[in-house]
Amino acid sequence: MGKISAAAVAKIEEICNRYTDEKTPLMMILSDIQNEYGYIPLDVQEIVSKQTGISVAEIYGVVTFYSFFSLTPKGKYVIGCCLGTACYVKGAQQVIDKFSELLNIGPGETTEDGLFTLDALRCIGACGIAPAVTINGKVYPKMAVSQVQEVIESYQLEAEMSKEEVQS
C-alpha cells in the first residue's frame, strides 16, 4: 500500500467499526482487510491498533501466525503447494521445486510481473489426492512435476487474454 490514501484509512476505520460490539474482533477485522486489499502491511496494522486499542505487537503476531494473512502483496495467481505428510511422501517437494525453478521465485515470493505467488502450505486436507496444489482456490489433484509447466502456461495465457480484453 505504501502511503495510505485518506479513502483507504477511512475504509480500514469503517471495517474496524463494524466489529465494535464483538468481544474478540481482531480476526474478523484482519480477514476483512485482507479480502479488501490482499495484504496487511505494518502501517495498516497501526491504524487497526489505534482504532481497536489492540497493540501492534499482538496484531503483528496474528498476521504472521496465520498463513492466510500476508504482510506483502500477493500475485494475481496464488499457487499453494501442500507439503503435508501425504503430499510430501507423494512428491510434493519436487512439484514445488519445479514451480520455483520455472517461475524463478522461492516459496513466499511473488514474480516480478506480479502474476504468481508461490506458497508452501501445510496439510490442506486433500491427502487422498496427494500431491495437491491449489491456485486461487482451484485444487489440482495428484500434481506431477511433468504437469507444472503446462499449468503455469495456462495461467499466463489466461492473464494475457484478460489483458487484451481490457485493452480492447
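This is a short tour of the structure above, one selection at a time. Keep in mind that you are looking at a predicted model.

**Whole chain**

Start with everything in cartoon. You should find seven helices and five strands, running in the order α-α-α-α-β-α-α-β-β-β-β-α along the sequence. The C-alpha atoms fit a box of roughly 50 × 45 × 25 Å along the principal axes. Of the 168 residues, 39% are buried. If you like contact maps, take the contacts between residues at least 6 apart in sequence: 60% of them join residues at least 24 apart.

Now switch on the surface. The accessible area of the chain is about 9700 Å², and carbon and sulfur atoms account for 52% of that. Colour by charge and you get 13 positive and 21 negative side chains, with the centres of the two sets 5 Å apart.

**Helix α3 and what surrounds it**

Select residues 42-52, which form helix α3. Its buried residues are Val 44, Gln 45, Ile 47, Val 48 and Ser 49. What do the buried residues of α3 pack against? Show α1 (6-18), α2 (26-37) and α4 (56-65), and you have the partners. Before leaving, click on Gly 53, just after α3: its phi is positive, at about 80°.

Next, go to Asp 32 in helix α2. Is Asp 32 buried or exposed? Its relative accessible area is 18%, so it falls under the 20% cut-off and is buried. Leaving out residues up to four places away in sequence, Asp 32 touches Ile 15, Arg 18 and Tyr 19.

**Two cores**

Select Ile 79, Phe 99, Phe 116, Val 133 and Ile 135. In the largest nonpolar core, which has 27 residues, these touch the most other members. The elements giving two or more residues to this core are β1 (77-82), α6 (92-103), β3, β4 (133-135) and α7 (148-167).

Zoom in on Val 133 for a closer look. Beyond its neighbours within four places in sequence, Val 133 contacts Ile 79, Gly 80, Cys 81, Val 95, Phe 99, Lys 138, Val 139, Tyr 140 and Met 143. There is also a second, separate core of 19 residues, including Tyr 19, Leu 30, Ile 54 and Phe 69. As background, nonpolar side chains in soluble globular proteins tend to be buried together.

**Thr 111 and its loop**

Move on to Thr 111, in the loop between β2 (109-110) and β3 (116-121). Turn on polar contacts here. The side chain of Thr 111 makes one of 2.5 Å with the side chain of Asp 113, and it also reaches the backbone nitrogen of Leu 115 at 3.2 Å. Thr 111 counts as buried because its relative accessibility is 11%. Not counting residues up to four places away in sequence, its contacts are Leu 103, Ile 105 and Phe 116. Phe 116 is one you have already selected, in the largest nonpolar core.

**Last stop: Pro 141**

Finish at Pro 141, in the loop between β5 (138-140) and α7. With 42% relative accessibility, Pro 141 counts as partly exposed. Try a C-alpha to C-alpha distance from Pro 141 to Ala 130: the two are 11 residues apart in sequence and 6.3 Å apart in space. Which residues does Pro 141 touch, leaving out those up to four places away in sequence? Show Ile 129 and Pro 131 to see them.

Key
Residues are numbered from 1 along each chain as its sequence is written. This is a predicted model: local features need pLDDT of at least 70, side-chain atom pairs count only at pLDDT 80 or more; totals for chains, interfaces and linings use all residues. Side-chain values use heavy atoms; hydrogens and water are left out. Helices (H or I, at least four residues) and strands (E, at least two) are DSSP runs, numbered from the N terminus. Buried means under 20% relative accessible area, exposed over 50%, partly exposed in between (1.4 Å probe, protein chains only). A polar contact is a pair of N or O atoms within 3.5 Å; within protein, one must be able to donate a hydrogen and the other to accept it, and residues adjacent in sequence count only if both atoms are side-chain atoms. Contact means heavy atoms within 4.5 Å. A nonpolar core is a set of buried Ala, Val, Leu, Ile, Met, Phe, Trp, Tyr and Cys residues joined through side-chain atoms within 4.5 Å. Accessible areas come from the Shrake-Rupley method with a 1.4 Å probe; for residues, only the protein chains shown count as cover. Lys and Arg count as positive and Asp and Glu as negative; His and the chain ends are not counted. The place of a charge is taken as NZ of Lys, CZ of Arg, CG of Asp or CD of Glu.
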